[in-house]
Amino acid sequence: MLTVTLRNLERDGLVSRQVFPTTPPQVEYALTEMGWSLAEPMRVLTQWASSNHDRIKAARGAYDAERDA
């Protein structure tokens, strides 16, 4: 699953992949310029999720309780 995710990120232009001719083969991934441009939006999203964690848990609990009734 990790390989599929990394290949998709490479395809999207968010990471670069470099293969080194060693035994066993070594592969190195790095963020591209576009990948680095996601750092700030991800920081903001992570901060939002952290700030709203309790509210999200409460909403999930209410939703699940309603479904189980």
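**Figure 1. Surface and overall form of the protein chain in a predicted model.** The protein chain exposes about 6,100 Å², and carbon and sulfur atoms supply 58% of that area. Of its 69 residues, 7% count as buried. The radius of gyration is 19 Å, whereas a compact globule of 69 residues would have a value near 11 Å. Taken along the principal axes, the box filled by the C-alpha atoms is roughly 60 × 30 × 20 Å. Contacts in the chain between residues at least 6 apart in sequence were also examined, and 3% of them join residues at least 24 apart.

**Figure 2. Order of the helices and strands, with the confidence of the prediction.** Four helices and two strands make up the elements of the protein chain. Along the sequence they follow the pattern α-β-β-α-α-α. The mean pLDDT of the chain is 97, and 100% of the residues reach 70 or more. Among the elements, the lowest mean pLDDT, 96, belongs to helix α1, which covers residues 2-11. The highest, 98, belongs to helix α2, which covers residues 33-36. Where pLDDT is low, predicted coordinates should not be read in detail.

**Figure 3. The hairpin formed by strands β1 and β2.** The two strands run antiparallel, and six bridges join them. Five residues carry the chain from β1 to β2 in this hairpin. Which residue of β2 is the bridge partner of F20? The partner of F20 is Q26. A further bridge pairs V19 with V27 of β2.

**Figure 4. The cis peptide bond between T23 and P24.** P24 is found in the loop between β1 (15-20) and β2 (26-31). The peptide bond that joins T23 to P24 is cis, with an omega of about -5 degrees. Most peptide bonds are trans. The view therefore shows an arrangement that departs from what is found in most peptide bonds.

**Figure 5. The surroundings of V27 in strand β2.** V27 lies in strand β2, where it is the bridge partner of V19. Is V27 buried, partly exposed or exposed? V27 counts as partly exposed because its relative accessibility is 34%, which falls between the limits of 20% and 50%. When residues up to four places away in sequence are not counted, V27 touches R17, Q18 and V19. V19 thus appears both as a contact of V27 and as its bridge partner. I56 is 29 residues from V27 along the chain, and the C-alpha atoms of these two residues are separated by 38 Å.

**Figure 6. The salt bridge between R43 and E40 in helix α3.** Side chains of opposite charge can pair when their charged atoms come close. How many salt bridges does the model contain? The count comes to one. It is formed by R43 and E40, whose closest N and O atoms are 2.7 Å apart. This distance satisfies the criterion because the nitrogen must lie within 4 Å of the carboxyl oxygen. Both residues belong to helix α3, which covers residues 39-51. R43 and E40 are three residues apart, about one turn of the helix. R43 is partly exposed, with a relative accessibility of 43%. E40 is likewise partly exposed, with a relative accessible area of 44%.

**Figure 7. A39 and S50.** A39 has its place in helix α3. Its relative accessibility is 42%, so A39 counts as partly exposed. How many residues apart in sequence are A39 and S50? They are eleven residues apart in sequence, and in space the distance from C-alpha to C-alpha is 16 Å.

Note on methods:
Residues numbered from 1 in each chain as written. Predicted model: local features only at pLDDT ≥ 70, side-chain atom pairs only at ≥ 80, totals over all residues. Heavy atoms only, no water. pLDDT = per-residue confidence, 0-100. Salt bridge = Lys/Arg side-chain N within 4 Å of Asp/Glu carboxyl O. Buried < 20%, exposed > 50% of the residue type's maximum accessible area, 1.4 Å probe, protein only. Rg over C-alpha atoms; globule rule 2.2 N^0.38 Å. Contact = heavy atoms within 4.5 Å. Areas by Shrake-Rupley, 256 points an atom, 1.4 Å probe, with all protein chains shown as cover. Pairing = 2+ DSSP bridges.
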